[in-house]
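Let's take a friendly walk through this structure. Please have the sequence and the 3D view open as you read.

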Amino acid sequence: MKYSYIKPRKKSVISAELKLIFSFFSITLIMLFLTYFFLFFKDYRFTQNIEDIKQKMIELEASVQKMNSQITFIEKEVQLSERISTKNTVLKDSIANLFDLVPQRITLSQATLLKNGLILHGITPNKDVYNFMLQAPLRSIFHRTYSSFYESQNGWLKFVSTNYIDEEELSLESPRYEEEKEVDDED
Amino acid sequence: MLGKLFESIYSKVFVAIVIERSKSVVYIQISSKKHTPKNYHKSFEDTEFTTTMREYIDSFIGESPFSYICVLDYSEEQGAIPTCSTKDMSAFGDFSASKMMCHENDWAYYTSVSGIETIKKTYAGIGVDFIFSSFSILSSFFKDKIETQLGLFVLVEENYITVGVFDKMKLLFGEHLYVGHDNNQDEMMMDSSDSEIDLDLESSIDLDDIDTMSDIDGLDDFGDIEDLDAIDEIDEFSQSQDDDFLDEEDDFLVQGPSSFNEDYQRFTAIQNSVNRFYKDSKYQSKFIETVYIADAIGVSADLKTYLEEEMFFSVFVRHIDLGGEMIDLAKAELK
């Protein structure tokens, strides 16, 4: 039952000084915990970043390997293109030389270039012109040369000249030829 | 929960400050669940709250965080009315500036809000937990009588008298009266010779008699009623039911030269108060036969004699330890 005009003050075991000390320690502890959680979070983020970077490194390494293989492939293509270009140049020169070999009195109707040979179709006024002016330089180039003639309607001779270079003999003549051949085979 | 645990661990320190006419008494009780309560008290020759008093109190309240300071309200604006209803209160005065406390939804005691603030300000140094009204002290002290009987209950302090008419727990009338003297007058009396004291007493009695003659005349009507009652029966009643009061009466027979005058003034105040109770139509008037006095100062036998002879009351005096009673009230409120 209530008898007093006023309510008694609230009693506390903890004095004002103790409250101050407790609040100070509480704030300190809260700050420490916050710092700990902040560092913990940062550490977690850092670990996550490391994992991401590692993953990216692996991906990049794979990409680099892929690119390296592509570079190698492209380099090989470049080499191939260069070789083809060189071959074409050589072929062009060979054809030019071939056409230089053909005298004005002989007319070529077809020329077939083989890997190790040359087949020429044409018209010559006579065998002698062919033998002296075309066959002689062909023999100096090719190891084996076969020629066949048949008459045309106007009395001139059509000819087919088949010329081969023997690889065995070529290797004997020049060791460097073998090396070049191996390279060609690889391609 | 935690508070209850701490309360059981720590002992409780109750401090009751009682201001008397020329001194203050500090009552201290240290109670714990394990040990019997320890009581201390010390008088200070000052009615103001001094540093020595504060140091004395601090030496006890420092022992436990559960310390309670109890003060009695000495405001002259306090009183009691026989209703708790705000509608009915207006018949007894304007209580807009008063703090009302309802007692068991039956009657209310009040004091001025400014009085409470003054007490709080006075004891701001140590703080106040309980401010008790003299009426709550009176009703608590005479609880056994109030519950069963109709009577006039009086709390006598050095400067104040608290008067309450109760009829089986129901308050019919309540007043708080100042009967203090000027200290200068007392000092003059102390310095005077014995013959001069006698003269002063006589003159004071004469003056008081003159003042109250009209009031006594007004009580003629219940003097007749007194004659109708069997006075012997009242005496028998008092002897059979209140033996404990008779034992206590022997203690207050020590009389000083000034106590005669003071007791007569107290008697006059009680007489006037009873007169107001009978005459004022606001109060439900009932015939009073018995007076119970809670004596906090050790009144002389004169007061009892006056009341018995002049007003034909059956008077019972019981000594009250105000400090202890305040501490008991504080304990009861904390439960």
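In chain B, β12(B), helix α13 (residues 301-311) and β13(B) make a right-handed β-α-β unit. Right-handed here means that, with the strands pointing away from the viewer, the path from the first strand over the helix to the second runs clockwise. Helices (H or I, at least four residues) and strands (E, at least two) are DSSP runs, numbered from the N terminus.

A word on the source: this is a predicted model, in which local features need pLDDT of at least 70, side-chain atom pairs count only at pLDDT 80 or more, and totals for chains, interfaces and linings use all residues. Residues are numbered from 1 along each chain as its sequence is written, while chains are lettered from A and ligands numbered from 1 in the order in which they are written.

Back to the unit: β12 (residues 290-295) and β13 (residues 314-319) of chain B run parallel and are joined by six bridges; strands count as paired if DSSP finds at least two bridges between them. Within this pairing, V291(B) faces V315(B) of β13(B).

Where do A294(B) and its companions sit? A294(B) belongs to the largest nonpolar core, which has 79 residues; A294(B), V15(B), C70(B), V154(B) and M326(B) touch the most other members. Such a core is a set of buried Ala, Val, Leu, Ile, Met, Phe, Trp, Tyr and Cys residues joined through C-beta atoms within 7 Å. Strand β1 (residues 12-19) of chain B gives the most to this core, namely seven residues. Among the contacts of A294(B) are V154(B), V156(B) and I320(B), a contact being C-beta atoms, placed from the backbone, within 7 Å.

Two loop residues of chain B have a positive phi although neither is a glycine. A residue is buried with 20 or more other C-beta atoms within 10 Å of its own, exposed with 12 or fewer, and partly exposed in between.

| Residue | Phi | Loop | Exposure |
|---|---|---|---|
| M169(B) | about 80° | between β10 (160-167) and β11 (170-178) of chain B | partly exposed, 15 other C-beta atoms within 10 Å |
| F312(B) | about 60° | between α13 and β13 of chain B | partly exposed, 17 other C-beta atoms within 10 Å |

Chain A holds an open sheet of four strands in the order β1-β2-β4-β3, with antiparallel pairing. Its edges are β1 (107-113) and β3 (144-151) of chain A, each with a single partner strand, so one side of each is left without a neighbour in the sheet. Eight bridges tie β3(A) to β4 (residues 157-164) of chain A, and S147(A) has S161(A) as its bridge partner in β4(A).

Conventions. Two residues are in contact if their C-beta atoms, placed from the backbone, lie within 7 Å. Lists of a residue's contacts leave out its neighbours within four places in sequence.
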